[in-house]
Amino acid sequence: MTPAAPPALRWRALVWAALLMLFYALPWLRWNGRQALLFDLPARRFDLFGLTLWPQDVGVLFGLVAVLACTLVLLTTMAGRVWCGHACPQTLWSGLFRWIERSATRRLRPPALARLVKHLAWAAVALWTGITFVGLFSPIQPLVAGFWPARWSGWETFWVLFYATAAWANAGFLREQVCIDLCPYARVAPMLCNADTPKVCYDARRAEPRGARQLGQGSVQQRGRGLLDPTSASDYAFRAAHPALAGPPPRFADDRLGDCLDCGACVQVCPMQLDVRAGPQPDCIACGACVDACDAQMRAWRFPSGLVQLASENEMQGRPRRWLRPRTLAALLSLAALLGIGLHYL
Ligand code: SF4
Ligand code: SF4
């Protein structure tokens, strides 16, 4: 019997919730009596927290975009795809829509009622998302006041419905297909990473051979089995990931098993439908859901956590991690140069 996993501090969910709240609050923030963030296209005036940009300041806007792009490159070379897993709108809204779906399915009967409530909640969130986004381009207070009785202009109606539909389709239905097939950053990110960039990794030396077991067996450390050599560990992991090629895996006595319980929890929670035990994969968005799921299992069995963890390939192989690499230095210098130019002209 598998012991119940104790609850953990869900810090990733808290980060997601904070970022979503920040987005919905953004158009409501005020600065010197005006909307703090407003891209007023008809008036050709952009308000950025007290900084007002006019058409002749378009260079400043491009500079800000270049600074953000350089920061993202620097973050990717140093920390991998943390943006994808923790701050990308596609990840945040897909997570929110999944949470609504799970809550409705768990709490409501019959299933037809759960489906109806789910779709109504999705539609409400999508509509509010569209209004919030358009509220960054058209003053939010008159926009919300004009919702009912309907007083929106044709363009406001079009863009609110456009963004609401995009949120509803991308987060409700397309989900990981957007990351796999549509996102340009997902194509570029692997080129910015190397063996020193952290990825979500499975510790095959400690985990293999995987398998269900009786209660009472300690971890490999507690039993004194220790870590496998790298070749045997990758061989076991490869065989388990490719049963059609390698044939059914052999049965091992409980005391020869590694720490992977083969419970499947890491696979069930993966939004990209990956099995982290098959090795680092280009579609992994480093959301850490498998890390949390596996740590919960490890706590339940009183094994050390970290069977699935965020680490670089070099760290996993016991080699020191290099922080300063050519790509990191190039991104750092570009960012410093852009900030220097910006400060000079301000
Ligand atoms: S493998 Fe883990 S970190 Fe990667 S996408 Fe799946 S759950 Fe997220
Ligand atoms: S959650 Fe951990 S113990 Fe369970 S199958 Fe995944 S790696 Fe193995």
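Helix α4 runs over residues 89–107 in this predicted model. It has 19 residues, and from its first C-alpha to its last it reaches 27 Å. At 1.5 Å a residue you would expect 27 Å, and the helix is close to that.

Now, which residues of α4 are buried? The list is Gln90, Thr91, Leu92, Trp93, Ser94, Gly95, Leu96, Phe97, Ile100, Ser103 and Ala104. What do they pack against? The partners are α1 (11–25), α3 (82–86), α5 (111–134), α7 (154–174) and α8 (176–182).

Next, helix α17. This one covers residues 326–345, which makes 20 residues. Its end-to-end reach, first C-alpha to last, is 29 Å, close to the 28 Å expected at 1.5 Å a residue. Its buried residues are Thr328, Ala331 and Leu335. Looking down the axis of α17, you find the buried residues within an arc of 70°, so they line one face of the helix. Helix α2 (58–79) is included in what covers them. On the face turned away from that buried side sit the exposed residues Pro326, Leu333, His344 and Tyr345.

Last item, ligand 1. Which residues surround ligand 1? From the earlier part of the chain to the later, they are Val200, then Cys270, Pro271 and Met272, and then Cys284, Ile285, Ala286, Cys287, Gly288, Ala289 and Cys290. Sorted by type, the shell has ten nonpolar residues and one polar residue. How many are charged? There are no charged residues in the shell around ligand 1.

That is the end of my part.

Terms used:
Residues numbered from 1 in each chain as written. Chains lettered and ligands numbered in written order. Predicted model: local features only at pLDDT ≥ 70, side-chain atom pairs only at ≥ 80, totals over all residues. Heavy atoms only, no water. Helix = DSSP H or I, 4+ residues; strand = E, 2+ residues; numbered from the N terminus. Expected span 1.5 Å × (residues − 1). Buried < 20%, exposed > 50% of the residue type's maximum accessible area, 1.4 Å probe, protein only. Arc of directions from axis to C-beta. Contact = heavy atoms within 4.5 Å. Near = heavy atom within 4 Å. Nonpolar A, V, L, I, M, F, W, Y, C, P; charged D, E, K, R; others polar.
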